[in-house]
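Visitor: Please choose one part of this model and look at it closely, giving the cut-off behind each term as it comes up.

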Amino acid sequence: MRVRFTLHEKGIPFSIKEEDLKNFSPELRSLHPEAKVPVLVYANQVLYESAIITEFLEEAFPEPALLPADPGLRAQARLWTYWCNQIFKRDVDRLKYGESRFTAAEIEGVQGRMQGHLTKLEDRLTGHDWLVGQAFSLADIHIFPFVRQLLHAKPPGLAPTPRLLAWTERVGSRPAFLETLKA
């Protein structure tokens, strides 16, 4: 979703090859050493991992910009992406997949951390429409799908916060996101 969202935001034409996530094709296995999605093939380049692909797209297709021009703000966007990939996404996955993939203790621990994650996002959105600077960015693209999954799952005891809900509405109503849902 993050790569498709970025492609749509930038207006880059692309084609999609769907994969059976339980039985990856030999073609995917030849492109990605771990046979994971997404994979981007562009001008004889094979790229994988969402954050790497989206940053490549930002550099290869700089307009419209999805990272701030200011180096400090660019670093902040990357830190949000790091936090998402290393902490937030892992906890969302634990809630999403439950005890079939994680122990009961791991699930209990994540439930305790999740409200803290939402509070972190709520605090950042105080006085801001977007996670970094004054414009929509890759930080918003990278985090949004996991907030959306979490809100759809509605884990017990989790209280979404007002600014986070408003941010979710802003991101979810973007034409590029609506196009992403169609694919």
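Guide: What follows is a close look at helix α8, with its cover, its charged pair and its place in the whole chain.

This is a predicted model, in which local features need pLDDT of at least 70 and side-chain atom pairs count only at pLDDT 80 or more, while totals for chains, interfaces and linings use all residues. Residues are numbered from 1 along each chain as its sequence is written, and side-chain values use heavy atoms, with hydrogens and water left out.

The protein has 8 helices and 2 strands (DSSP runs numbered from the N terminus, H or I over at least four residues for helices and E over at least two for strands). Read from the N terminus, the order of the elements is α-α-β-β-α-α-α-α-α-α. The C-alpha trace spans about 45 × 40 × 30 Å along the principal axes, and of the 183 residues, 41% are buried (under 20% relative accessible area, with exposed meaning over 50% and partly exposed in between, for a 1.4 Å probe and protein chains only).

Helix α8 covers residues 175-182, and its buried residues are Ala 176, Phe 177 and Thr 180. These three residues lie on the same side of α8 because they cover an arc of only 100 degrees around the axis (the arc of the directions from the helix axis to the C-beta atoms). An α-helix has 3.6 residues a turn, so residues three or four places apart point the same way. Pro 175 and Lys 182, by contrast, are exposed on the other side of α8.

What, then, covers the buried residues of α8? Their cover includes α1 (2-10), α6 (138-153) and α7 (162-172). Of the chain's contacts (heavy atoms within 4.5 Å) between residues at least 6 apart in sequence, 61% join residues at least 24 apart.

One of those covering helices, α7, has a buried side of its own, formed by Leu 164, Trp 167, Thr 168, Val 171 and Gly 172. Because they cover an arc of only 125 degrees around the axis, these residues are on the same side of α7. The face turned away from that buried side carries Pro 162 and Glu 169, which are exposed.

Returning to α8, Lys 182 is joined to Glu 179 by a salt bridge (a side-chain nitrogen of Lys or Arg within 4 Å of a carboxyl oxygen of Asp or Glu), with the closest N and O atoms 2.9 Å apart. Side chains of opposite charge can pair when their charged atoms come close. Both residues belong to helix α8, where they stand 3 residues apart, about one turn of the helix. Lys 182 has a relative accessible area of 64% and is therefore exposed, whereas Glu 179, at 35%, is partly exposed.

For context, the structure holds 11 salt bridges. Another of them joins the side chains of Lys 10 and Glu 58, at 2.9 Å from N to O. This pair links distant parts of the chain, since Lys 10 lies in helix α1 and Glu 58 in helix α3 (residues 50-60), 48 residues apart. Lys 10 and Glu 58 are both buried. A further pair is formed by Glu 34 and Lys 36, whose closest N and O atoms are 3.1 Å apart, and here Lys 36 is partly exposed, because its relative accessibility is 42%. Elsewhere, a network of salt bridges links Lys 17, Glu 19 and Glu 27.
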